[in-house]
There are 2 protein chains.
Amino acid sequence: MVIFLKQKKRRITLQDVAKHAGVSTSTASLVIRNHPRISDATKQKVLNSIEELGYVYDRVAAKLRSQSSKIIGVIVTDISNKFISEFLIGVQQTLEKMDYTVLLGTTFDSVSKQERLISTMVEHRVDGLIINAASKTNKSTISQLNHLELPVVLANREVEHVNCDYVGIDYIKGTYLAVSHLLKKGHTRIAFLGGIKMSSTWKDRMKGFQKAHDNAGVAVDKSLIIDGLPTSEGGVQTVLEVLKNPNPPTAIFCFSDLVAFGVLQGLGMQGIIPGQDIDIVGFDNIPEAEIYHPPLTTVSSFPRTIGIKAATILYNKLEQDDSIQQRIILNPELVIRETST
Amino acid sequence: MVIFLKQKKRRITLQDVAKHAGVSTSTASLVIRNHPRISDATKQKVLNSIEELGYVYDRVAAKLRSQSSKIIGVIVTDISNKFISEFLIGVQQTLEKMDYTVLLGTTFDSVSKQERLISTMVEHRVDGLIINAASKTNKSTISQLNHLELPVVLANREVEHVNCDYVGIDYIKGTYLAVSHLLKKGHTRIAFLGGIKMSSTWKDRMKGFQKAHDNAGVAVDKSLIIDGLPTSEGGVQTVLEVLKNPNPPTAIFCFSDLVAFGVLQGLGMQGIIPGQDIDIVGFDNIPEAEIYHPPLTTVSSFPRTIGIKAATILYNKLEQDDSIQQRIILNPELVIRETST
DNA sequence: CTGAAAGCGCTTACAG
DNA sequence: CTGAAAGCGCTTACAG
């Protein structure tokens, strides 16, 4: 009697399949990977055996041998932020088509968490990384990856003085568009609320803010610039603070739509009506901006497209040895709605 | 002269570390995994060598040998949905603490995409799966995983007639609370808008909807029940349709907050003022519900807690062989705001 | 507490 | 177009 009881099920391997189909293991391996060199008859035999034995391909063994994991690490600051989740959808949809899977990490803007996530992902032998870097990311974090010769694409936030592909939008231009729109409407006291001063995304917006003012011959009042969390809480806090100014602003440029929602809430608490008493512009054009009441004037930043581009660049680096470094900067668009008509 | 040029860098292995430290490979392996059996002196020697050689642990090799990947597959319907992204944060934070990493897949509610994602994840030898199943998920999808003896936890949506751990909230009770609140206010014509009829989440809400009516002795008018996409677009569509009813509703229960935002938008288009002309209740209590204008009455569904619980159950199944099947149903809470005061 | 050896399940040259 | 054999870098019994 053969003893089956309690015997741990042995995994069906490619060898079993090959034996069952009456071919060599290497042939079976080629069939699995759809190699053109195999005759249709052989292919069919192997596929039948796979079906019959219930064989499950083992990518772990494959990646140990072939040194390619078909996994891409994606590190973001916060998935509950709509801009980021839209970006992630773009990344995922693109990679999926190319048979890559996403290993996800969230840093909540913590540099130490980011370091830990990156090393875990390297240990898992990801084929490449797409990083939406934390605000205070050190350039050494990225240069270490370059040293390991691991392809990396930065997205949304640039890390200064670093040698790396990058996809993002032109925050300077976007802010310039938004602030110029307010200046054209006759505003001369425009606040800039929310966002973290250390981040490249804040600095870029500041440049656009300044440039629009310079162009219009209007001086920037530094007391109207208050940084804070890039969330709706940050919006509430900063707007309440700026309203205490003896000479308060007549318009507000917000770091993001999320911040703008907080700003609108803060204004509501003070009985100030946006679009009437004060003009508000956001940044990102997340779907909620349109259905918010009142609908928010904002700058479109196409996060999904950024995700698609980032994934495509990485893919080209992996499969086509496309080593030319790229910097793709998408053009933003101003969308005028009721908060600043 | 030694030829270094163009020579592909050989990977530093644990053997190199062991040789460098003057110990055996097995000892080095134990040091890496923090085995208590190793003396402090030996440990220090090995750690120094790791540092010096710049050794990177290879989890791929480790998992081929040890049959444990330290990767959990997480499959969700849509990360850009706030409920889902909050859920994911809960899952991620919990797993990360336990040294597991998340392989992410998004189905967009497509069953075939879900099937493909699951098999890719199985090929990557995930240690377990957390699945926020697509609406029309077939029970065979889950039973196949049970057959592979892969631990699975379902979250948010139950798959009928299936043998599996589950974490979700009590949608029946949540809807009962919301609809009873409207009935107590004297409404007798309450619409139920949005959500897909096939899904367990819709069916449960329907049960709660019916039960609240039965309790109040009010008949349900089927012409006020219109299903649709669980998005704000779905909300706009279904509210415009229900308003065409010769005898329109005086209150609306929405499948989710997202649907409610669409409903509010649709009402705005018709000049109907929520909280005044008509009462609205949502479901989920996403952060935007509070800062929306007007703030939305809704049911709190604690997605982050669901994520934490799901990850914890899975962890216990993996590490403690905790094979008792669990069904955790969280209690929802009604949050009354301006759309129904 | 440590060492020598086998093996996880593939892919990859190489030879035919 | 196919086969036999080595090897990816770990962990795991087993022996000491």
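## Exercises: DNA strand D and the two protein chains

In this predicted model, 68% of the atoms of DNA strand D within 4 Å of the protein are sugar or phosphate atoms, and the remainder belong to bases. Let's work through what surrounds the strand.

**Exercise 1.** Describe the residues around DNA strand D by number and class.

*Solution.* Start with the count: 24 residues surround the strand. Next, pick out the closest ones, which are A:Ser24, A:Arg65, B:Leu14, B:Ser29 and B:Arg65. Finally, sort the surface by class: 9 residues are polar, 8 are nonpolar and 7 are charged.

**Exercise 2.** Find polar contacts to phosphate oxygens of DNA strand D, then name the helices that line the strand.

*Solution.* Use a cut-off of 3.5 Å between N or O atoms. In chain A, a polar side-chain atom of A:Thr42 sits 2.8 Å from a phosphate oxygen. In chain B, B:Leu14 uses a polar backbone atom, also at 2.8 Å from a phosphate oxygen. B:Arg33 brings a polar side-chain atom to 3.0 Å from a phosphate oxygen. Now for the elements: helices H2 (25–32) and H4 (59–66), in chain A and in chain B, each give two or more residues to this surface. H4(B) supplies the largest share, with 4 residues.

**Exercise 3.** Work out how chain A is related to chain B.

*Solution.* First, superpose them: a rotation of 180 degrees with 0.0 Å of shift along the axis does it, at an RMSD of 0.1 Å. The relation is therefore that of a two-fold axis. Then locate the axis: within chain A, the C-alpha of A:Leu103 is nearest, 2.2 Å away. Last, compare the contact residues: 100% of those of chain A recur in chain B, so the same surface serves both copies.

Terms used. Residues numbered from 1 in each chain as written. Chains lettered and ligands numbered in written order. Predicted model: local features only at pLDDT ≥ 70, side-chain atom pairs only at ≥ 80, totals over all residues. Heavy atoms only, no water. Near = heavy atom within 4 Å. Polar contact = N/O pair within 3.5 Å; in protein donor to acceptor, adjacent residues only side chain to side chain. Nonpolar A, V, L, I, M, F, W, Y, C, P; charged D, E, K, R; others polar. Least-squares fit on C-alpha atoms with pLDDT ≥ 70 in both. Contact = heavy atoms within 4.5 Å.
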